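Colleague: I am new to this structure and should like a close look at a single part of it. Please take me through the salt bridges, and then set them beside what surrounds them.

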Amino acid sequence: MVDPANTVGIPVNPTPLLKDELDIVIPTIRNLDFLEMWRPFLQPYHLIIVQDGDPTKKIHVPEGYDYELYNRNDINRILGPKASCISFKDSACRCFGYMVSKKKYIFTIDDDCFVAKDPSGKAVNALEQHIKNLLCPSTPLFFNTLYDPYREGADFVRGYPFSLREGVTTAVSHGLWLNIPDYDAPTQLVKPKERNTRYVDAVMTIPKGTLFPMCGMNLAFDRDLIGPAMYFGLMGDGQPIGRYDDMWAGWCIKVICDHLGLGVKTGLPYIYHSKASNPFVNLKKEYKGIFWQEDIIPFFQNVKLSKEATTVQQCYMELSKMVKEKLSSLDPYFDKLADAMVTWIEAWDELNPPATA
């Protein structure tokens, strides 16, 4: 049995990495008491909390945290008609926090994620590991069998081309989970008591041309490099699909990172996922996605972006056109999603105008 770490008595780090360059984005419908456990690691940073559901409900945030809190009324006020691109009653609302942040880096975490402990029993500072992942290169062009060659105690193995050892800039760090695995509803139903107790001390770069199922509950990224593509789709209330928000963003960012020569890492850090969601509720949200993904994934595997697409926004706009052209035959929802992708970019650019010389 795996348990969360006990962080009582761990002092708050007086010199945290990237303190003034990173925001923490948290979507929630409840009080954020879970932050008490995270205090030694997260208190020095600025939080952007996106409150889903009833905007009149008061959300409690533990004392000592510096934060902004946005609810649906704020989203409507700030984005106006473009607020329609932000999902309602779905954790995809978190991407509004990505849009309003002004920092270079983002770490996002769910409110049912606690501090994990490594095999020695030490509490895992997930944010610190994410930062380390983002600040060292990725190797998507040639696989290193010792995984991340830049970690202490590792290097490039014999036969690794010297011309590729410089690597590429890392845009995304995807972390994992102990206890409750990130399973879909059918797997939850057949393995209701399964728990992940395996802690693998490894970080690897996802190879170029390979997609992956991105989970948004323990994720960090370079907002300057890939932020405009980190759109969690149009999900939740009023939509025919849910629980594919982070998957959608993961497929989009991966093909764009591959096109622009950026890297995506997965593995460490772990968090402790405390609560299993209801598999029957999840199945209702997921069932169309389970069928659709058999067409969506080949679509992304075959995406070819043009040489003229040299920015994330240009790549994403091209991708939105392809979604409309290639996926609308699956369901009219994809026309709506493609339009929301365009609206998202327009709203992003309005709130984040390019710097002038």
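Modeller: The account below starts with the salt bridges and then turns to aromatic pairs, a surface patch and one annotated position.

This is a predicted model, in which local features need pLDDT of at least 70 and side-chain atom pairs count only at pLDDT 80 or more, while totals for chains, interfaces and linings use all residues. Residues are numbered from 1 along each chain as its sequence is written, and side-chain values use heavy atoms, with hydrogens and water left out.

How many salt bridges are there? The count comes to 16, where a salt bridge is a side-chain nitrogen of Lys or Arg within 4 Å of a carboxyl oxygen of Asp or Glu. One of them joins Asp23 to Lys103, with the closest N and O atoms 3.0 Å apart. Asp23 belongs to strand β1 (residues 22-28) and Lys103 to the loop between α3 (95-100) and β4 (105-109), so this pair ties together parts that lie 80 residues apart in sequence. Helices (H or I, at least four residues) and strands (E, at least two) are DSSP runs, numbered from the N terminus. Asp23 counts as buried because its relative accessibility is 2%; buried means under 20% relative accessible area, exposed over 50%, and partly exposed in between (1.4 Å probe, protein chains only).

The loop between α3 and β4 reappears in a second bridge. Asp224 pairs with Lys104, and their closest N and O atoms are 3.9 Å apart. Here too distant parts of the chain are linked, since Asp224 sits in helix α6 (residues 223-226) and Lys104 in the loop between α3 and β4, 120 residues away. Asp224 is exposed, with a relative accessible area of 51%, whereas Lys104 is partly exposed at 26%.

A third bridge connects Lys265 with Asp148, the closest N and O atoms being 2.8 Å apart. Lys265 lies in strand β9 (residues 263-273) and Asp148 in the loop between α4 and β6, so that 117 residues separate these linked parts of the chain. Both ends count as buried because the relative accessible area is 0% for Lys265 and 6% for Asp148.

Shared partners join salt bridges into one network made of Lys104, Asp222 and Asp224. Asp222, a member of strand β8 (residues 218-222), is buried at 3% relative accessibility. Beyond its neighbours within four places in sequence, Asp222 is in contact with Lys104, Tyr105, Leu134, Thr170, Ala171 and Gly227, contact meaning heavy atoms within 4.5 Å.

The aromatic side chains give a second set of pairings. A pair of aromatic rings is described by the distance of the centres and the angle of the planes. The structure holds 19 such pairs; rings of Phe, Tyr and Trp (its six-membered ring) pair if their centres lie within 6.5 Å, and planes under 30 degrees apart count as stacked, over 60 as edge-to-face and the rest as tilted. Phe142 and Tyr160 form an edge-to-face pair, 5.0 Å centre to centre with 80° between the planes. Phe142 and Tyr160 are both in the loop between α4 and β6, 18 residues apart. Phe142 is partly exposed at 36% relative accessible area, while Tyr160 is buried at 2%. A tilted pair is formed by Trp251 and Phe300, 5.8 Å centre to centre and 40° between the planes. This pair links helix α7 (residues 245-260), which holds Trp251, to helix α8, which holds Phe300, across 49 residues. Trp251 and Phe300 are both buried, and they belong to a cluster of ring pairs with Tyr244, Trp248 and Phe299.

Helix α8 also contributes to the surface. Leu189, Val190, Phe280, Leu283, Tyr287 and Phe291 form a nonpolar patch there, with about 640 Å² of accessible area together. Such areas come from the Shrake-Rupley method with a 1.4 Å probe, and for residues only the protein chains shown count as cover. Patches are made of residues with over 30% relative accessible area and no salt bridge, like charges being joined within 9 Å and nonpolar side chains (Val, Leu, Ile, Met, Phe, Trp, Tyr) within 5 Å. At least two patch residues come from each of α5 (185-190) and α8 (279-301), and α8 supplies the largest share, four residues. Tyr287, in helix α8, is partly exposed at 40% relative accessibility.

Finally, an unreviewed UniProt entry lists Arg158 under "glycosylation site"; UniProt positions follow the numbering used here, feature names are shortened, and annotations may be inferred rather than shown by experiment. Arg158 is in the loop between α4 (126-135) and β6 (170-179), and is exposed, with 84% relative accessible area.
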